[in-house]
Amino acid sequence: IPLYFDNDEPDKRTLAITTDREYRAVYVDYIRRKEEFISKFTEGLADNELKNATDTLDVFFERDVRGGWNKLMEFSEVLYEMLSRGDSIEITLKGYASPRAGTQYNKNLTDRRVSSVYNHFDLFDGGIYKRFVVSKQLVIKREANGETKAPPGISDNIQDERKSIYDVRASRERRLEIIGVRVNKEKVL
């Protein structure tokens with residue numbers, strides 16, 4: 001399940017490796033900026049270029065950003081049902097960043113992204129997962145990758161906000177993936 005983040009979120013301009021913010025709040029702030037992203041990225045474009053760029057960002061925000069949120073909510077419900085019936089589950093939260101900032105900054109940023117999604121599971125529905133985490137029936141592994149996995153061609157030019165912040169290619173790199181779900185030690189997803 002890929003979950004997406006605004007540039008330098010959560011908690012802008014810090015070297016902290018954890019955050020108190022839960023992914024829900026981070027997601028809401030980001031999805032509200034959809035029109036701003038479209039406006040900034042399409043500035044100066046016309047005709048087909050304008051339409052294509054607008055459509056690309058619209059699809060990204062609706063299918064990927066909102067879709068990721070919806071999948072997280074569905075997963076959270078199913079996860080609780082599985083834990084309640086006695087399954088032992090291990091999930092891995094893998095964080096990524098676009099290459100806009102320095103290597104160490106991006107590593108810390110992806111740690112914060114992982115932390116915000118961990119906070120989701122810690123706080124979800126009044127903390128229904130806490131007892132499963134304490135008993136180790138639910139194990140949540142954390143892996144922050146920084147920008148090390150970003151493909152070539154993603155702008156790291158801090159002066160070019162259009163490409164390094166608002167371009168959908170850079171936006172796709174600012175994510176967390178819930179991967180490696182194991183149920184009773186057997187990989188299922």
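**Exercise 1. Find how much accessible surface the chain of this predicted model has, and what share of it belongs to carbon and sulfur atoms.**

*Solution.* Begin with the total: the accessible surface of the chain comes to about 9,800 Å². Then take the share, where carbon and sulfur atoms account for 48%. As a companion figure, 50% of the 189 residues count as buried. For the charges, count 33 positive and 33 negative side chains, and note that the centres of the two sets lie 4 Å apart.

**Exercise 2. Work out whether the radius of gyration of the chain agrees with that of a compact globule.**

*Solution.* Start from the expectation: with 189 residues, a compact globule would have a radius of gyration near 16 Å. The chain has 17 Å, so the two agree. Next, look at the extents: the C-alpha trace spans about 55 × 30 × 30 Å along its principal axes. Finally, turn to the contacts between residues at least 6 apart in sequence, of which 79% join residues at least 24 apart.

**Exercise 3. Write down the order of helices and strands along the chain.**

*Solution.* Seven helices and five strands are there to be placed. Reading along the sequence gives β-α-α-α-β-α-α-β-α-α-β-β.

**Exercise 4. Decide how the buried residues of helix H2 are arranged around its axis.**

*Solution.* First list them: in H2 (residues 34-42), Lys34, Phe37, Ile38, Phe41 and Thr42 are buried. Now look down the axis of H2: these residues fall within an arc of 110°, so they line one face of the helix. The spacing helps here, because an α-helix has 3.6 residues a turn and residues three or four places apart point the same way. Then ask what this face meets: the buried residues of H2 pack against H1, helix H3 (47-84), helix H6 (161-166) and helix H7 (168-173). To finish, step past the end of H2 to Gly44, whose phi is positive, near 85°.

**Exercise 5. Classify Thr19 and Ser171 as buried or exposed, and name their contacts.**

*Solution.* Take Thr19, in the loop between strand S1 (2-4) and helix H1 (23-31). Its relative accessible area is 5%, so Thr19 is buried, the cut-off being under 20%. Setting aside neighbours within four places in sequence, Thr19 is in contact with Pro10, Asp11, Arg112, Ser115, Ser116 and Asn119.

Now move to Ser171, in helix H7. With a relative accessible area of 0%, Ser171 is buried. Beyond neighbours within four places in sequence, Ser171 is in contact with Tyr4, Tyr30, Phe37, Phe60, Ile165 and Tyr166. Phe37 should look familiar from Exercise 4, as one of the buried residues of H2.

Conventions:
Residues are numbered from 1 along each chain as its sequence is written. This is a predicted model: local features need pLDDT of at least 70, side-chain atom pairs count only at pLDDT 80 or more; totals for chains, interfaces and linings use all residues. Side-chain values use heavy atoms; hydrogens and water are left out. Helices (H or I, at least four residues) and strands (E, at least two) are DSSP runs, numbered from the N terminus. The radius of gyration is taken over C-alpha atoms; the globule rule is 2.2 Å times the number of residues to the power 0.38. Buried means under 20% relative accessible area, exposed over 50%, partly exposed in between (1.4 Å probe, protein chains only). Contact means heavy atoms within 4.5 Å. Accessible areas come from the Shrake-Rupley method with a 1.4 Å probe; for residues, only the protein chains shown count as cover. Lys and Arg count as positive and Asp and Glu as negative; His and the chain ends are not counted. The place of a charge is taken as NZ of Lys, CZ of Arg, CG of Asp or CD of Glu. The arc is that of the directions from the helix axis to the C-beta atoms.
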